[in-house]
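Hi,

Here is the structure I promised to pass on. Have a look at it first, then read my notes below.

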Amino acid sequence: MSISLNVNGKAVSVDAEPDTPLLWVLREDVGLTGTKFGCGVAACGACSVHVDGEITRSCSIAIADVAGKNVTTIEGLKSADGTLHKVQQAWIDVQVPQCGYCQSGQIMAAVALIQQTGRPTDAQIDEAMTNICRCGTYPRIRKAIRAATGQAAAAVKGAA
């Protein structure tokens, strides 16, 4: 079955079974491997993308459910001239990643949070950032979000 959607601003048409998870279509059919497979049951968030601007765990949503919608992956955050999204830059400045496996999903969740709240409080960050990081980089994630929103100029210097 041919299914059309918009991925990172480009029209895409894929031949897939309607119940194929979006994650596999992104990785196998579209060739965007920045979105990671973690748990496969929408618990860890490594596969997080935006669907029509909403944070979505791509391992647990069928491609048929996103037909005609706009999907943004980690590859789609960077501007056309190569400038990183402010959250991506903050992740680098604060040196958030350790193993890095969950980081694309973490960044997508952080971008969605900032789009919703503008300048989230620590409580909003803790509530919204439900992605799992096995390295425990949560304090750095919070600092990066605060740095990306201009709330903590010192966050970069004080990264733990």
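C133 is buried, with a relative accessible area of 6%. Keep in mind that this is a predicted model. C133 is also in no disulfide: the nearest cysteine sulfur belongs to C102 and is 3.8 Å away. A disulfide here would need the two sulfur atoms within 2.5 Å, and the structure holds zero of them. C99 is likewise in no disulfide, with the sulfur of C135 as its nearest cysteine sulfur at 3.7 Å. Buried or exposed, what would you call C99? Neither, in fact: its relative accessibility is 44%, so C99 counts as partly exposed.

Now for the sheet. It is an open one of five strands, in the order β2-β1-β5-β3-β4, and the pairing is mixed. β2 and β4 (54–57) are the edge strands; each has a single partner, so one side of each is left without a neighbour in the sheet. On average, neighbouring strands are turned by 40° against each other, ignoring direction.

β1 (residues 2–7) is a good place to start looking. Its covered face is made of I3, L5 and V7, while S2, S4 and N6 make up the uncovered one. β1 runs antiparallel to β2 (residues 10–15), and six bridges join the two. The hairpin they form has two residues between the strands, and N8 takes a positive phi there, near 55°. With β5 (residues 70–72), β1 pairs in the parallel sense over two bridges. Try clicking on N6: it stands opposite A11 in β2, and its bridge partner in β5 is N70.

Further along the sheet, β3 (residues 48–51) and β4 pair in the antiparallel sense over four bridges, with V49 standing opposite T56. Two helices to look at next are α1 and α3. α1 (residues 22–29) lies across β1, β2, β3 and β5 and runs at about 100° to β3. α3 packs on the sheet too, touching β3, β4 and β5, and its direction makes about 40° with that of β3.

Then there is α2 (residues 86–94). Which of its residues are buried? They are V87, Q88, A90, W91 and V94. They cover an arc of only 160° around the axis, which puts them on the same side of α2. That fits the general picture: an α-helix has 3.6 residues a turn, so residues three or four places apart point the same way. What covers these buried residues includes α3 (103–117) and α5 (138–148). Just after α2, Q95 takes a positive phi of about 55°.

Last, the cores. The largest nonpolar core has 20 residues, and V87, W91, I107, M129 and I145 have the most contacts inside it. α2, α3 and α5 each supply at least two residues of this core, and the largest share, seven residues, comes from α3. V87 shows how this looks up close: leaving aside its neighbours within four places in sequence, V87 is in contact with I107, A110, V111, I114 and A148. There is also a second, separate core of 16 residues, which includes V12, V14, V25 and V49.

Cheers

How values were computed: Residues numbered from 1 in each chain as written. Predicted model: local features only at pLDDT ≥ 70, side-chain atom pairs only at ≥ 80, totals over all residues. Heavy atoms only, no water. Buried < 20%, exposed > 50% of the residue type's maximum accessible area, 1.4 Å probe, protein only. Arc of directions from axis to C-beta. Contact = heavy atoms within 4.5 Å. Pairing = 2+ DSSP bridges. Core = buried A, V, L, I, M, F, W, Y, C linked by side-chain atoms within 4.5 Å. Axes fitted to C-alpha atoms, helices over the stretch in contact; angles between N-to-C directions.
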